[in-house]
Amino acid sequence: MLDLIAFAPPASVISTAFAAIFGLLIGSFLNVVIHRVPKMMQRESDNYVAQESDKPLPHTDRYNLMVPRSACPHCGHHITALENVPVVSYLFLGGKCIKCKAPISARYPIVELLTGMLSAMLVWRFGSGIAGLATLLFAYLLIAMTFIDADTQLLPDDLTFPLLWCGLLVNLNGTFVPLGDAVIGAAAGYLSLWSVYWLFKLVTGKEGMGYGDFKLLAALGAWLGWKMLPLIILLSSLVGAIVGISLILLAKHGRHNPIPFGPYLAVAGMIALLYGKPLVQAYLGFAI
């Protein structure tokens, strides 16, 4: 018995392993969020337009994150529980629908693996207390918004606003930054991109980004404080420029086609959460 206790893994390892498994399960749910939230927004918009025009509502069936059951988009086969085990089911099925053999997007296991790995990393880094659990929520919302924005160039208010308010609530007791820094970060995050938007529009007559980007940066400011905003903007711009130029050179993206900025803000926000303080200190030391 004493030998078993002596060789038992530390609590941090157990928590990290549990977080990885939990993250895989959450990643499966995030795939539903990524797929359905834009459709839910479109259905609400269609019904609103029809209602304003005194026309019959085009969508009267229930459609949310729970209903209807997930099904193959090609043949309508309802996904069973055994076909929905994160990553494992995809590998077992060979990336194809069990009924019609239509290919299943590789992005489903990618999202699950990404969520699982980030969950393990965050719990290992921040622990399994309030701070660690808060960072999981932070990561999950960013993952959902990243893929939704990449698909639709939309950052839903149903995700950006909860991220912002949760950031302020988490910092009520200064979990990551003092509450004052969080409030100023939220305001400064919104106003900084809002100013860039209007300056660009006045100069060019075009819209350079969407309002969702303002709200996302405000949310990051609420979580990480105003001092991290310059780093987040710099990192997101750098990553966005590299990816955008690469896509143009590879002829996978037209020069005049808009590129969503939300994914780069999300990546920059995650880097700032994990490594923001040493990066800022290194930058200040280099500048001096």
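Is Cys-97 buried or exposed? In this predicted model, Cys-97 is buried, and its relative accessible area comes to 5%.

## The cysteines

A student might next ask how many disulfides the count comes to. The count is zero disulfides, where a disulfide requires a pair of cysteine sulfur atoms within 2.5 Å. For Cys-97, the closest cysteine sulfur belongs to Cys-100 and lies 3.8 Å from its own sulfur, which is too far for a bond. Cys-100 is likewise in no disulfide, since the cysteine sulfur nearest to it, that of Cys-75, is 3.6 Å away.

The surroundings of these residues can also be described by how much of each is accessible. Cys-97 is buried, whereas Cys-100 is partly exposed, with a relative accessible area of 32%.

## Helix α5 and the residue after it

Helix α5 runs through residues 130-152 and so contains 23 residues, and the path from its first C-alpha to its last reaches 33 Å, which is close to the 33 Å expected at 1.5 Å a residue. Just after α5 comes Gln-153, a residue that takes a positive phi of about 60°.

## Val-267 in helix α10

Helix α10 covers residues 262-287, and Val-267 is found in this helix. Val-267 is partly exposed, having a relative accessible area of 39%.

Where does Val-267 lie in relation to Ile-232? Although 35 residues separate Val-267 and Ile-232 in sequence, the two are 8.8 Å apart in space when the distance is taken from C-alpha to C-alpha.

Terms used
Residues numbered from 1 in each chain as written. Predicted model: local features only at pLDDT ≥ 70, side-chain atom pairs only at ≥ 80, totals over all residues. Heavy atoms only, no water. Helix = DSSP H or I, 4+ residues; strand = E, 2+ residues; numbered from the N terminus. Buried < 20%, exposed > 50% of the residue type's maximum accessible area, 1.4 Å probe, protein only.
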